[in-house]
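Biologist: I am new to this structure and should like to go through it step by step. May I put some questions to you?

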Amino acid sequence: MSPAHSGCAGPMPSEESSLEAERRSKIERLRSRRIEPYPHSFPGRVPTREVAAAASRLAVGEESAHAEYRVAGRLRSVRTHGRASFADLVDQSGTLQLVLRSDVLGDEAYAAWLSDLDPGDIIGAIGYAGRTRRGENSLVARSLVLLAKAISPPPEKYHGLKDEEQRIRRRYLDLLASEDVRRRFRLRSEIVQEVRRAFDAAGFLEVETPILLPVASGAAAAPFVTHSRYLDEELQLRIAIELSLKRLLVGGLERVYEIGRCFRNEDLDATHSPEFTMLEAYWAYADYHDLRRLLEDLFERVAARTQELMPNVPEVRAATDRFRPPFPTLDFVESLERASGISRVADLSVDELRLRARAIGATVPDDSPPGIFLDKLFEHYVEPTIDHVSFVIDHPASTTPLAKRHRSKAGRVERFEVFCRSFELGNAYTELNDPDEQERRFREQLSARGEDTYAYDADFVAAMRYGMPPATGIGIGIDRLVMALLGATSIKDVLLFPQTRARSG
RNA sequence: GGGCCCGUAGCUCAGUCGGCAGAGCAGGCGGCUCUUAACCGCAAGGUCAGGGGUUCGAGCCCCCUCGGGCCCGCCA
């Protein structure tokens with residue numbers, strides 16, 4: 001038993017419906033038949049897919065009583081047909097039809113099972129493969145075993161669970177009602193595995209660094225704040241992994257990555273969740289070109305796996321097509337100039353930039369640094385034009401205070417962002433490793449903006465003074481990557497248990 | 001934080017002009033040995049999100065609250 005997760009526990013239906021009373025009375029009946037409704041295990045089961053495969057090798061109408069199979073899963077529907085019935089059994093491998101016949105199960109058992117089983121029950125079936133006269137791959141059941149009686153009825157068998165609130169709050173119902181939803185979340189896990197494989201294969205070490213920190217830094221965001229009773233000190237939940245991983249570079253771990261939850265005390269909307277899964281990777285002695293190559297390979301692989309797992313879903317097909325190489329490269333400045341018609345945009349004064357930003361309706365403070373205005377212009381003119389997965393590279397230095405200066409382009413930094421359908425998937429730099437410059441920029445950040453800014457992490461600067469190798473680093477939003485691959489329009493579609501308000505009253 | 005929309009049976013949804021609360025699925029009873037959203041017949045199932053108001057009369061109109069969705073603003 002894993003630790004209970006909080007959050008979605010929520011108060012749920014207190015009064016039982018008459019349907020539930022009916023099912024409870026069936027439990028009593030079953031017990032009077034000396035059938036335990038909640039037994040301990042069901043050994044020897046095979047996936048339903050295996051039986052379906054065996055049945056598919058038979059002729060229509062043929063049955064093969066030689067081999068016996070044990071399958072288990074959730075009963076989805078029962079089509080009673082007098083002295084023969086058909087039931088659909090769903091397990092993780094798929095759906096298998098059970099053929100229930102009084103002449104095979106025995107008249108008494110047949111009648112008893114039909115009256116005491118309901119859709120939603122977890123059952124085991126023991127029998128042999130057969131193909132019905134209508135050609136359906138089936139298991140002809142010699143006996144049935146109740147494994148868990150469901151008291152609450154499942155969602156409607158055809159339409160499933162549609163109510164968005166219920167889908168989120170009671171994701172288990174959404175999952176049990178929809179093979180498609182189950183596949184999407186399975187895909188999410190596989191994408192994470194694929195990411196691990198890519199970084200492992202490139203010689204990276206997966207590490208785990210603190211989530212609870214004295215001060216959350218490494219990004220500009222509002223942290224969640226908590227309190228340690230032991231220390232009697234305030235702690236903050238991390239908003240980024242960056243500074244922990246860079247400390248590891250100082251310590252001589254040359255290639256490290258972490259996949260983990262980060263927390264930002266901000267709104268939930270279509271592309272933001274207060275807790276989200278971030279991949280960050282840091283690579284000593286390499287630069288952002290190396291990371292980009294690694295990423296391009298990774299994208300091809302996850303897109304292929306996505307198509308494999310979810311063929312024939314048009315929106316998924318359209319989404320994965322965006323991950324087909326080559327991936328366009330957009331120079332930040334050139335693409336902005338082309339899209340906006342503004343020439344020499346990087347040379348404009350702050351005042352000119354502010355006017356341009358105001359003209360497109362950007363609502364940022366007047367005293368913002370030039371990079372903020374450039375970002376706004378880019379968001380307005382260029383981002384909406386990005387559909388295919390694309391790399392935006394070499395941003396003006398003023399937009400990116402914490403990246404290393406570009407080695408050849410004046411006024412730029414070595415950075416790329418990956419975009420898909422106008423939202424950002426990832427962000428990579430050739431990292432700063434001059435401790436004095438790091439400290440200076442931290443301080444500039446502090447004075448530049450208000451509350452949501454980089455907290456000053458003195459120990460991190462101290463670490464860098466011992467020497468951090470030249471390195472490149474990247475952050476990828478795993479939730480967004482999954483969204484992009486599935487063509488999902490809301491981050492809630494890729495989070496098993498998105499944040500919801502506690503139910504009151 | 002601002003705007004718009006939604007909440008009816010366990011689930012999926014109708015509900016017209018303010019006039020008896022409806023259907024399908026699921027469940028109950030009966031029928032059916034090839035169905036697959038099985039089908040046929042009968043009966044049952046409601047705090048119309050919650051609270052207040054208008055009205056002879058409110059699921060429907062008005063106000064408040066709760067929850068959700070979408071758009072905008074901010075962060076990835």
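Biologist: Which residues of helix α7 are buried?

Modeller: The model is a predicted one, and a residue counts as buried under 20% relative accessible area. Helix α7 covers residues 179-201. The buried residues in α7 are Val181, Arg184, Phe185, Leu187, Arg188, Glu190, Ile191, Val192, Glu194, Val195, Ala198 and Phe199.

Biologist: How far apart are the end C-alpha atoms of α7?

Modeller: Helix α7 has 23 residues, and at 1.5 Å a residue they should span 33 Å. The expected span takes 1.5 Å times one less than the number of residues. The computed distance agrees with this expectation, for the end C-alpha atoms are 32 Å apart.

Biologist: Which residue caps the N-terminal end of α7?

Modeller: The other end may be mentioned first: just after α7, Gly203 takes a positive phi of about 85 degrees. At the N-terminal end, the backbone nitrogen of Asp180 lies 3.3 Å from a side-chain oxygen. That oxygen belongs to the capping residue, Ser178.

Biologist: Where does Arg167 lie, and is Arg167 buried or exposed?

Modeller: Arg167 is part of helix α5. Leaving aside residues up to four places away in sequence, Arg167 touches Leu161, Lys162, Asp174 and Val181. With Asp174 there is a polar contact between the two side chains, at 3.0 Å. The relative accessibility of Arg167 is 17%, so Arg167 in helix α5 counts as buried.

Biologist: Which residue of β3 stands opposite Asp88?

Modeller: Strand β2, residues 84-91, is mostly covered, with six of its eight residues buried. Seven bridges join β2 to β1 in the antiparallel sense, and there Asp88 is the bridge partner of Ser77. Eight bridges join β2 to β3, again antiparallel. In β3, the residue opposite Asp88 is Gln97.

Biologist: Which residue takes a positive phi in the hairpin of β1 and β2?

Modeller: A hairpin of two residues also joins β2 to β3. In the hairpin of β1 and β2, two residues lie between the strands. The positive phi, near 75 degrees, is taken by Gly82.

Biologist: Which strands stand at the edges of the open sheet of three strands?

Modeller: The order of this sheet is β7-β9-β8, and its pairing is antiparallel. Each edge strand has a single partner strand, so one side of each is left without a neighbour in the sheet. Two bridges pair β7 with β9, and Leu212 stands opposite Leu237 in β9. The edge strands are β7 and β8.

Biologist: Which residues come nearest to RNA strand B?

Modeller: A residue is near the strand if one of its heavy atoms lies within 4 Å, and 53 residues are around RNA strand B. Of the RNA atoms that come within 4 Å of the protein, sugar and phosphate account for 56%. The residues that come nearest are Arg134, Lys157, Glu165, Arg480 and Lys492.

Biologist: How many residues of the surface near RNA strand B are charged?

Modeller: Among the elements that each supply at least two residues of this surface are α1, β1 and α5. A polar side-chain atom of Glu266 lies 2.9 Å from a sugar or linking oxygen of the RNA, and a backbone N or O atom of Lys162 lies 2.8 Å from a phosphate oxygen. The surface residues divide into 12 nonpolar, 15 polar and, as the number asked for, 26 charged.

Technical notes: Residues numbered from 1 in each chain as written. Chains lettered and ligands numbered in written order. Predicted model: local features only at pLDDT ≥ 70, side-chain atom pairs only at ≥ 80, totals over all residues. Heavy atoms only, no water. Helix = DSSP H or I, 4+ residues; strand = E, 2+ residues; numbered from the N terminus. Buried < 20%, exposed > 50% of the residue type's maximum accessible area, 1.4 Å probe, protein only. Polar contact = N/O pair within 3.5 Å; in protein donor to acceptor, adjacent residues only side chain to side chain. Pairing = 2+ DSSP bridges. Nonpolar A, V, L, I, M, F, W, Y, C, P; charged D, E, K, R; others polar. Contact = heavy atoms within 4.5 Å.
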